[in-house]
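Me: I would like to learn how to read the features of a protein model, one at a time. Can we work through this one together?

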Amino acid sequence: MSLLKILYYPDIRLRLIAKPVNKIDQKIQEIARNMINTMYQEEGIGLAATQVNIQLQIIVINTMEEEKNNLVLINPEIIKKEGNISIEEGCLSIPEYRASVPRYNYIKVQAINLYGEKIEIEAKSIVSICIQHEIDHLKGILFIDYLSKFKRERIQKKFKKIKKKDNKKFLIEE
């Protein structure tokens, strides 16, 4: 198992739309394990494959119910959503920035697990928010896209300054 390299905003690869996974094999299982390791190493609670430059519909979530209780969702699709919730979200690809984003409090998701089985899961609160955040990544959407134009421009300026200071960490394709 190995750690994967996180892409940082404004890397254009974060805007790519992930392709569905057609077959669950050892390669897909290894990608998921590496994503889980990377998520924990970076102290995240979720990670989308697109954040590590793998353009496949795979997300991993730390459900926070028990230590190392992870959820792997392949080709996830929200099939039911209810209620509203908003908390300050962060993102491994946009470090040191948080913002409130409107989300659904409850969702029902259809996906495939690592054994190739179709599953449906229900999630509320923080887990629901995390799943929605990661599914957005698979569509090339970042949480900052929900913010006002003014706030987005401020973030863009901040990250361009960071890129100039620390080019090694923020290797970005523009």
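**Reading the model feature by feature**

Reply: We can start with strand pairing. Strand E4 (residues 85-91) and strand E5 (residues 94-103) run antiparallel and are paired over six bridges. The two strands make a hairpin, with two residues between them. Keep in mind throughout that this is a predicted model.

Me: Which residue in E5 is the bridge partner of Cys91?

Reply: The partner of Cys91 is Ile94.

Me: Which other strands pair, and in what sense?

Reply: E2 and E3 are antiparallel and are joined by five bridges. In that pair, Ile61 stands opposite Leu71 of E3. E3 also pairs with strand E6 (residues 106-112), again in the antiparallel sense, over six bridges. There, Ile74 faces Ile112 in E6.

Me: How many helices and strands does the protein have?

Reply: There are three helices and seven strands. Read from the N terminus, the order is α-β-β-β-β-β-β-β-α-α.

Me: How does one judge the overall dimensions?

Reply: One compares the radius of gyration with a rule for globules. A compact globule of 174 residues would have a value near 16 Å, and the protein has 16 Å, so the two agree. Along the principal axes, the C-alpha atoms fill a box of roughly 45 × 40 × 30 Å. The accessible surface is about 9,900 Å², with 48% of it belonging to carbon and sulfur atoms. Buried residues account for 47% of the 174 residues.

Me: What share of the contacts links residues far apart in sequence?

Reply: Counting contacts with a separation of 6 or more, 65% are between residues 24 or more positions apart.

Me: Where should I look for the nonpolar core?

Reply: The general idea is that nonpolar side chains in soluble globular proteins tend to be buried together. Here the largest nonpolar core has 20 residues, and those touching the most other members are Met35, Leu47, Ile58, Val60, Val72 and Ile74. Helix H1 (26-41), strand E2 (58-62) and strand E3 (70-82) each give two or more residues to this core. H1 supplies the largest share, six residues. A second, separate core has 16 residues, among them Ala18, Ala48, Val109 and Ala123.

Me: What does Leu47 touch beyond its neighbours within four places in sequence?

Reply: Leu47 is in contact with Ile6, Met35, Thr38, Met39, Val52, Ile58, Ile59, Val60, Leu92 and Glu134. Of these, Met35, Ile58 and Val60 are also listed with Leu47 as residues touching the most other core members.

Me: Now a polar residue. Is Gln132 buried or exposed?

Reply: For such a case, read the relative accessibility and then look for partners of the polar atoms. Gln132 is in helix H2 (residues 125-138), and it counts as buried because its relative accessibility is 6%, where the cut-off is under 20%. A polar atom of the Gln132 side chain lies 2.8 Å from the backbone oxygen of Tyr104. Leaving out residues up to four places away in sequence, Gln132 touches Ile78, Arg103, Tyr104 and Ile107.

Me: And Ile126, which is also in H2: what is its class of accessibility?

Reply: Ile126 is partly exposed, because its relative accessibility is 31%. Setting aside residues up to four places away in sequence, Ile126 touches Ile45, Met64 and Ile87. As for distance, the C-alpha atoms of Ile126 and Arg154 are 27 Å apart in space, and the two residues are 28 apart in sequence.

Me: Which backbone features deserve a check?

Reply: Two kinds can be read here: the omega angle of a peptide bond and the sign of phi. The peptide bond from Tyr9 to Pro10 is cis, with omega near 15 degrees. Pro10 is found in the segment before H1.

Me: Where is Asn53, and what is its phi?

Reply: Asn53 sits in the loop between strand E1 (46-48) and E2. Its phi is positive, about 60 degrees, although Asn53 is not a glycine. With a relative accessible area of 35%, Asn53 is partly exposed.

Me: What about Glu96: buried or exposed?

Reply: Glu96 counts as exposed, at 73% relative accessibility. Glu96 lies in strand E5 and has a positive phi of about 65 degrees, although it is not a glycine.

Methods: Residues numbered from 1 in each chain as written. Predicted model: local features only at pLDDT ≥ 70, side-chain atom pairs only at ≥ 80, totals over all residues. Heavy atoms only, no water. Core = buried A, V, L, I, M, F, W, Y, C linked by side-chain atoms within 4.5 Å. Buried < 20%, exposed > 50% of the residue type's maximum accessible area, 1.4 Å probe, protein only. Helix = DSSP H or I, 4+ residues; strand = E, 2+ residues; numbered from the N terminus. Contact = heavy atoms within 4.5 Å. Polar contact = N/O pair within 3.5 Å; in protein donor to acceptor, adjacent residues only side chain to side chain. Rg over C-alpha atoms; globule rule 2.2 N^0.38 Å. Areas by Shrake-Rupley, 256 points an atom, 1.4 Å probe, with all protein chains shown as cover. Pairing = 2+ DSSP bridges.
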